[in-house]
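Work through the two exercises below with the sequence and the structure at hand. Each task is followed by a solution in steps.

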Amino acid sequence: MMSTPGLLSAFRRTALVLALVAGGMPAFAQESTNQSADQSATQIASNQPVGDVVLIPNRVIYPGQTIELAALKQVTLIAGKHKPDGVVTRAEELDGKVAKRTLLPGRYIPSTAIREAWLVEQGASVQVFFIAGGLTISATAVTLQPGAAGDLVKVRNVDSGKILSGTVMTDGTIQVSAS
């Protein structure tokens, strides 16, 4: 039959694409006992780009939950398919972050659906510092909103009751500036 080699080649391509999607292994890393299959896989791998690698949840992650690497799986997109813009693809971008909305298994994780973990919670007692030159003033305050490092949050001075805005520092203190 004359069409068998072309059909077999198409069949091998389909099998490699399915193995790529199901196994998460690049097509050129697939091993085969058949020499012609090795050549075919090499030819396919060199002619067609390997798909993008993305991370997707392997279980439901609810809003407010910390994202753990165990809740994610890495998948390779079908060759020729590209991930949408604004999708998180690296583990470093997700580990320890918090879901802002429900993340469903098998779906992309938009960068807008995650946030940094709060360093200070709402209602927490924190140290507030005002630093100007050699002058440092510290006070105790209560946070009126949660915040991560670098966020601008409002706090209420415990002694005076005055509401101040300050930046959350990496050590959990709040630094206010002159206004």
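Buried means under 20% relative accessible area, exposed over 50%, and partly exposed in between (1.4 Å probe, protein chains only). This is a predicted model, in which local features need pLDDT of at least 70 and side-chain atom pairs count only at pLDDT 80 or more, while totals for chains, interfaces and linings use all residues. Residues are numbered from 1 along each chain as its sequence is written, and side-chain values use heavy atoms, with hydrogens and water left out.

**Exercise 1.** Find the salt bridges (a side-chain nitrogen of Lys or Arg within 4 Å of a carboxyl oxygen of Asp or Glu), and state the accessibility of the partners of Lys97 and of Lys97 itself.

Solution.
1. The count comes to three salt bridges.
2. Arg90 pairs with Glu92 at 3.6 Å, N to O, and with Glu93 at 3.7 Å between the closest N and O atoms.
3. In the remaining pair, Glu116 and Lys97, the closest N and O atoms are 3.2 Å apart.
4. Glu116 is partly exposed at 46% relative accessibility, whereas Lys97 is buried at 16%.
5. Shared partners join Arg90, Glu92 and Glu93 into one network.

**Exercise 2.** Describe how β6 pairs with β5 and with β7.

Solution.
1. Strands are DSSP runs (E, at least two residues), numbered from the N terminus, and two of them pair if DSSP finds at least two bridges between them.
2. β5 (residues 125-132) and β6 (residues 135-143) run antiparallel, joined by eight bridges; Phe129 stands opposite Ser138 in β6.
3. Two residues lie between the strands of this hairpin, where Gly133 has a positive phi near 65 degrees.
4. β6 also pairs with β7 (residues 152-157) in the antiparallel sense, over three bridges, and Val142 has Arg156 in β7 as its bridge partner.

How values were computed. Helices (H or I, at least four residues) and strands (E, at least two) are DSSP runs, numbered from the N terminus.
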